[in-house]
Every structure is written in C-alpha cells, then in structure tokens.
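Reader: Hello! I work at the bench and would love a close look at one part of this model, namely how its paired strands sit together. Could you walk me through that part and then fit it into the rest of the chain?

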Amino acid sequence: MKTRDALAETFLPEAGSAPVEWVVAEGLTGYDEAVAEMERRAGLIADGLARERAWLVEHPPLYTAGTSADDADLIAPERFPVHRSGRGGQFTYHGPGQRVAYVMLDLKRREPDLRRFVAALEAWLIATLDGFNIRGERREDRVGVWVRRPEKAPSAEDKIAAIGIRVRRWVSFHGIALNVEPELAHFDGIVPCGVTGHGVTSLVDLGLPLTMADVDSVLRAQFEQIFGETVAV
C-alpha cells in the first residue's frame with residue numbers, strides 16, 4: 001500500500017469544473033451553525049445545485065468529539081461546550097486564533113479515494129507551512145501535521161494542524177484546523193486526537209507573529225495548487 005506521501009500530489013477536478021468558492025467568515029461562527037450549513041451545502045453540491053466551497057471560519061472556544069472519540073480523553077468536560085460531531089477522528093479543540101477551513105468538494109469530480117483526499121489535505125497544510133519556512137511533516141500512524149521541536153528534546157514534536165472529514169454521497173465536509181494564535185492552554189482539557197506523548201504548537205508559538213489574513217493568503221494560493229482554481233464570494 002502506498003504511503004500518504006506517495007499519494008499526496010494534486011487532487012484537481014475534471015476539466016471544465018467551476019472554480020471552488022472561497023469564503024472567509026467574519027467574526028466567530030457557532031459550531032452547530034457551521035455543521036448545519038456544511039450539511040446543507042454538501043447536499044446541494046451532491047445534487048449538482050451548488051458549487052464546491054472552501055469556508056474559512058473561527059469558532060468560540062469549544063471541544064468536538066469525532067466518531068472515534070474516547071470519553072476518557074475528555075479531561076475537563078465542564079471547561080467548554082462539547083459538541084458530538086459526525087466527522088472522523090477523536091477529540092479536538094477549536095477557538096479564536098485557529099483557522100478552521102471547511103472543505104466541501106465533490107470527490108466524484110476528482111477521485112473517489114478517501115486516503116488520497118486526506119493526503120491532499122495534509123499536503124495543502126504542509127505547503128502552507130513551507131510558505132512561512134516551517135517544515136510540517138505527516139506521520140503514517142497518526143493524521144495531522146507535525147513539527148519537530150529539538151529545542152525541547154531530541155525527539156520532541158508538536159502538532160500544528162488537525163484534520164477531520166466526513167463524506168456523504170462522495171461530497172466532503174468538515175476539514176482542517178491550523179493553529180495560528182490560539183490559546184494553547186485550552187488544549188489541556190482533552191487528549192488532542194487521542195495522541196499522548198506529544199505537544200501542540202502554533203505559528204505564533206514558533207516565533208511567527210502572523211495575522212489570520214497573512215495565513216489565509218498562503219492557504220488560498222496553496223489550495224489552488226492542489227485542488228484547483230478558486231473564486232472569492
């Protein structure tokens with residue numbers, strides 16, 4: 001079986017497809033509101049009634065539990081609202097300073113291959129980090145993007161981005177979360193993605209005082225390299 005490195009090249013649509021809508025939400029978006037809108041939009045895309053969309057949001061502080069979540073990994077259940085999510089994966093944190101990108105793509109127009117799609121999402125994040133001279137890496141035994149932290153310990157590494165998707169009728173929703181400047185202490189209330197023995201970091205924690213607009217610009221450029229043309233709406 002190919003590694004995700006080998007799978008992650010491009011995930012372009014078939015010729016003649018309309019550009020992907022690129023939407024950046026203002027302020028904070030409630031989680032339940034976001035899920036309802038993603039499900040609505042994904043249904044329209046599956047029916048051929050709407051264009052594909054990448055929707056960039058920030059959430060108020062909250063925890064989400066994916067379909068593989070272990071309740072023992074919820075360390076502080078009273079700290080923030082906990083949302084049971086239909087996405088894959090385990091517990092994760094969302095909050096201000098974290099760029100969440102919900103990706104609603106018709107995989108039939110690209111390739112109905114979930115491993116390849118996840119590898120493409122990882123490649124998108126890695127290319128974005130490379131734009132800021134950060135080396136992001138994937139791990140075959142855990143989804144997401146990691147950075148080495150040799151200043152902490154020779155083998156130390158921290159997670160900088162998470163991935164959790166759902167697919168219905170071959171249309172994806174949910175997506176990625178990149179830590180720009182969230183409150184890292186908020187991750188202490190869970191075992192992020194069920195992974196122990198590693199930390200969590202952000203672009204600002206790594207010494208890059210970037211704005212969300214700075215990050216969004218590079219995210220969009222790299223998205224287009226992997227997933228195809230976008231149009232701002």
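Author: Happy to! Let's start with one pair of residues: Val 145 has Ala 161 as its bridge partner in strand S9. Please keep in mind throughout that this is a predicted model.

That bridge belongs to the pairing of strand S8, residues 142-148, with S9, an antiparallel arrangement held over four bridges. Ala 161 also stands opposite Leu 178, a residue of S10. S9 and S10 are antiparallel too, and eight bridges join them. A third strand to pair with S9 is S11, which covers residues 199-200. Here the strands run parallel and share two bridges, and the bridge partner of Asp 158 in S11 is Gly 199.

How much of S9 is buried? Of the 12 residues in this strand, which spans 157-168, nine are buried, so S9 is largely enclosed by the rest of the structure.

Now follow the chain from S9 into S10. The two strands form a hairpin with two residues between them, and Arg 169 is placed in that loop. The phi of Arg 169 is near 55°, a positive value in a residue other than glycine. Its relative accessibility is 48%, so Arg 169 counts as partly exposed; the cut-off for exposed is over 50%.

Arg 169 can be set beside Asn 133, which is not a glycine either and has a positive phi of about 60°. Asn 133 sits in a loop as well, this one between helix H3 (114-130) and strand S7 (137-139). With a relative accessibility of 76%, Asn 133 counts as exposed.

Back to the strands. S10, made up of residues 171-179, also pairs with S6, in the antiparallel sense and over five bridges. Leu 178 turns up again here, as the bridge partner in S10 of Arg 99. S6 pairs with S2 (residues 53-57) as well, again antiparallel and again over five bridges. In that pairing, Arg 53 has Met 104 of S6 as its bridge partner.

What does burial look like along S6? The strand runs over residues 98-104, and seven of its seven residues are buried. In a regular strand, side chains alternate between the two faces of the sheet. For S6, both faces are covered. Gln 98, Val 100, Tyr 102 and Met 104 are buried on one side, while Arg 99, Ala 101 and Val 103 are buried on the other.

Val 100 is a good place to zoom in. This residue of S6 has a relative accessibility of 1% and so counts as buried, the limit being under 20%. Leaving out residues up to four places away in sequence, Val 100 touches Trp 55, Leu 56, Val 57, His 59, His 94, Ile 176 and Ala 177. Val 100 also lies 6.4 Å from Leu 178, C-alpha to C-alpha, although the two are 78 residues apart in sequence.

One of those contacts, His 59, deserves its own look. His 59 is found in the loop between S2 and strand S3 (62-65). Is this loop residue buried or exposed? His 59 has a relative accessible area of 0% and is buried. Apart from neighbours within four places in sequence, its contacts include Leu 28, Thr 29, Gly 30, Tyr 31 and Ala 34. His 59 is also in contact with His 94, Gly 95, Pro 96, Val 100 and Tyr 102. Between the C-alpha atoms of His 59 and Gly 30 there are 6.0 Å, with 29 residues separating the two in sequence.

Finally, let's step back to the whole chain. Its secondary structure comes to four helices and 12 strands. The radius of gyration is 17 Å, close to the 17 Å that the globule rule gives for 233 residues, so the chain is as compact as a globular protein of that length. Along its principal axes, the C-alpha trace spans about 50 × 40 × 35 Å. Buried residues account for 53% of the 233. If you count contacts between residues at least 6 apart in sequence, 69% join residues at least 24 apart. The accessible surface is about 10200 Å², and 50% of that belongs to carbon and sulfur atoms. As for charge, there are 27 positive and 35 negative side chains, and the centres of the two sets lie 4 Å apart.

Definitions and conventions
Residues numbered from 1 in each chain as written. Predicted model: local features only at pLDDT ≥ 70, side-chain atom pairs only at ≥ 80, totals over all residues. Heavy atoms only, no water. Rg over C-alpha atoms; globule rule 2.2 N^0.38 Å. Buried < 20%, exposed > 50% of the residue type's maximum accessible area, 1.4 Å probe, protein only. Contact = heavy atoms within 4.5 Å. Areas by Shrake-Rupley, 256 points an atom, 1.4 Å probe, with all protein chains shown as cover. Lys, Arg positive; Asp, Glu negative; His and termini not counted. Charge placed at Lys NZ, Arg CZ, Asp CG, Glu CD. Pairing = 2+ DSSP bridges.
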